[in-house]
Amino acid sequence: MIYHQIKTLELELSSSCNSACPVCPRYVEHDGGIYDNPMADLNQHMTAEQIANILEFPTYRDVNIDCIGTVGDPMANKNIVDIIRAIVEAKPWCKLQLHTNGSLRNTKVFAQLAELMPVGSQRKIVFSVDGLRDTNHFYRVGVAWDRIMDNASTFISQGGNASWKWVKFNHNLHQIEDAKRIARRLGFQSFYTTNNQSPDELVDRHIVDGKPQHRIMRRPPTSADGYEDDETAPTDLPNVKILPQCEQGQYVHVRADGLVFPCCMTAAQAYNPSKWARDDVEVLMQMGNSNWNSLKHRSFTDIMYDPQWAQVKANYESNKPCVTCVEGCGEDMAINPPDHIGKLKSSKSSILDSLLC
Ligand SMILES: C[S@@+](CC[C@H](N)C(=O)[O-])C[C@H]1O[C@@H](n2cnc3c(N)ncnc32)[C@H](O)[C@@H]1O
Ligand code: SF4
Ligand code: SF4
């Protein structure tokens, strides 16, 4: 058994999104185009009933609940207000964060959310905005600046607790001080920067002289496009001790399609277009043909108490743990762990570079 009382719960409320951020795991790059990830169902949405069911499992009183996901934006869920209300009613002392590009839904929805996530509470919306009017769309492709500003201003003016998150890219470093001033003027409670988790050159080649270089295909690639899985599995992994963030941090991640994973690294890896990476997680989670970790087939409590977790634990404690665990939780490797677990980040490039969680 791994779980007894959840400390950090990540909810991918939706796998849908209006933006085409070039290195988001929602997409794959192929032949100059940005295609939909062929391994993810990009139109899944969690329900308020599923959330209520999840929150029946024991949690810490001040459990961290992060509405974040790996391939979608929580504001793409049309029941977002009901869902946030269900969370606040079930866990009034939780630390709740909702990460969004800020442009989905409308000011009416943001005004309703402001009531549920007011300044002074432990609940907030994190607006992922990595540029100003002239640069945000370089990475957040297709996101309209005026919509972000309307939604954020309404949320703030109605008393909402707003934070501005700025991922640092080469094209936005010169604007950070201006952005801080604008954030203060608009009434954001905080402004913070984080490093780009993907190698900079992967982002830079999409924007040349301020112009996007890629075509947004809005469909998965096919073999007719010349697309195939040509990645090979790493062979020279060190035999490292795993410090399991799932077990030690009582951390669990639920995907928009209802599948429960121990962490965002494994959840995103199971969407990976490369077969070896999916197989790696498949072995860890023993998914096979069974639906043991699917909320569409069982209650969350039944899933959390399933003996299958003993197999997951046996895998990461073995002398041949899965690659995702080696890179995500291997002692001394500390590569791109989720922010809330608080391990040190490294600039080293790894298979987890594009997982964004
Ligand atoms: C995949 S997004 C999903 C949530 C939402 N759609 C958003 O973008 O905020 C999860 C987190 O990854 C962050 N993110 C997106 N691209 C990133 C990058 N290249 N490097 C680091 N973090 C990134 C987002 O800002 C967000 O906090
Ligand atoms: S990073 Fe967030 S906003 Fe950008 S495409 Fe991915 S889910 Fe959408
Ligand atoms: S990478 Fe492995 S050990 Fe780390 S949190 Fe995920 S499942 Fe647990």
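This passage walks through the core, strands, helices, loops and ligand surroundings of a predicted model.

Since the model is predicted, local features are given only where pLDDT is at least 70 and side-chain atom pairs only at pLDDT 80 or more, while totals for chains, interfaces and linings use all residues. Residues are numbered from 1 along each chain as its sequence is written, and chains are lettered from A and ligands numbered from 1 in the order in which they are written.

Start with the inside. A residue is called buried here if 20 or more other C-beta atoms lie within 10 Å of its own, exposed if 12 or fewer do, and partly exposed in between, with C-beta atoms placed from the backbone. A nonpolar core is then a set of buried Ala, Val, Leu, Ile, Met, Phe, Trp, Tyr and Cys residues joined through C-beta atoms within 7 Å. The largest such core has 92 residues, and Ile65, Ile125, Phe127, Phe155 and Val252 have the most contacts inside it. Leaving aside residues up to four places away in sequence, Val252 touches Tyr3, Ile6, Leu9, Cys246, Val260 and Pro262 (contact: C-beta atoms, placed from the backbone, within 7 Å).

Val252 belongs to strand β12 (residues 251–254), which is covered on both faces: Tyr251 and His253 are buried on one side, Val252 and Val254 on the other. Helices (H or I, at least four residues) and strands (E, at least two) are DSSP runs, numbered from the N terminus, and two strands pair if DSSP finds at least two bridges between them. On that basis β12 runs parallel to β1 (residues 6–11), joined to it by 4 bridges, with Leu9 opposite Val252. Strand β13 (residues 260–261) is antiparallel to β12, with 2 bridges between them, and Val254 has Val260 as its bridge partner. These two strands, β12 and β13, make a hairpin with 5 residues in between, where Gly258 in the turn has a positive phi of about 90 degrees.

A second group of strands is an open, mixed sheet of 3 strands in the order β2-β3-β11. Its edges are β2 (27–30) and β11 (215–216), each of which pairs on one side only. Between β2 and β3 there are 4 bridges and the run is antiparallel, whereas β3 (residues 33–36) and β11 run parallel and share 2 bridges. Gly33 takes part in both pairings: its partner in β2 is His30, and its partner in β11 is Arg215. The β2–β3 hairpin has 2 residues between its strands. Asp31, in its turn, has a positive phi of about 50 degrees although it is not a glycine. Asp31 counts as exposed because it has 12 C-beta neighbours inside 10 Å.

Arg105 also has a positive phi, about 60 degrees, without being a glycine. Arg105 sits in the loop between β5 (95–100) and α3, but it is buried, with 20 other C-beta atoms within 10 Å.

Helix α3 (residues 107–116) comes next, with Phe110, Leu113 and Ala114 buried. Viewed down the axis, these residues fall within an arc of 110 degrees, so they line one face of α3 (the arc is that of the directions from the helix axis to the C-beta atoms). They pack against α2 (80–90), β6 (123–128) and α5 (145–157). In helix α10 (residues 275–285) the buried set is Ala277, Asp280, Val281, Leu284 and Met285. Their arc is only 120 degrees, which puts them on the same side of α10. The cover over these residues includes α9, α12 (308–317) and α13. Just past the end of α10, Gln286 takes a positive phi of about 50 degrees.

That leaves the ligands. A residue is near a ligand if its C-beta atom, placed from the backbone, lies within 6 Å of it. Ligand 3 has 13 residues around it, and Cys246, Cys263, Cys325, Gly328 and Cys329 come nearest. Helices α8 (245–248), α9 (264–269) and α13 (323–329) each supply at least two residues of this shell, the largest share being the 4 residues from α13. The ligand 3 shell has 9 nonpolar, 4 polar and no charged residues, where Ala, Val, Leu, Ile, Met, Phe, Trp, Tyr, Cys and Pro count as nonpolar, Asp, Glu, Lys and Arg as charged, and the others, Gly among them, as polar. Around ligand 2 are Cys17, Ser19, Cys21, Cys24, Arg26, Gly72, Asp73 and Asn101, a shell of 3 nonpolar, 3 polar and 2 charged residues.

Notes. Two residues are in contact if their C-beta atoms, placed from the backbone, lie within 7 Å.
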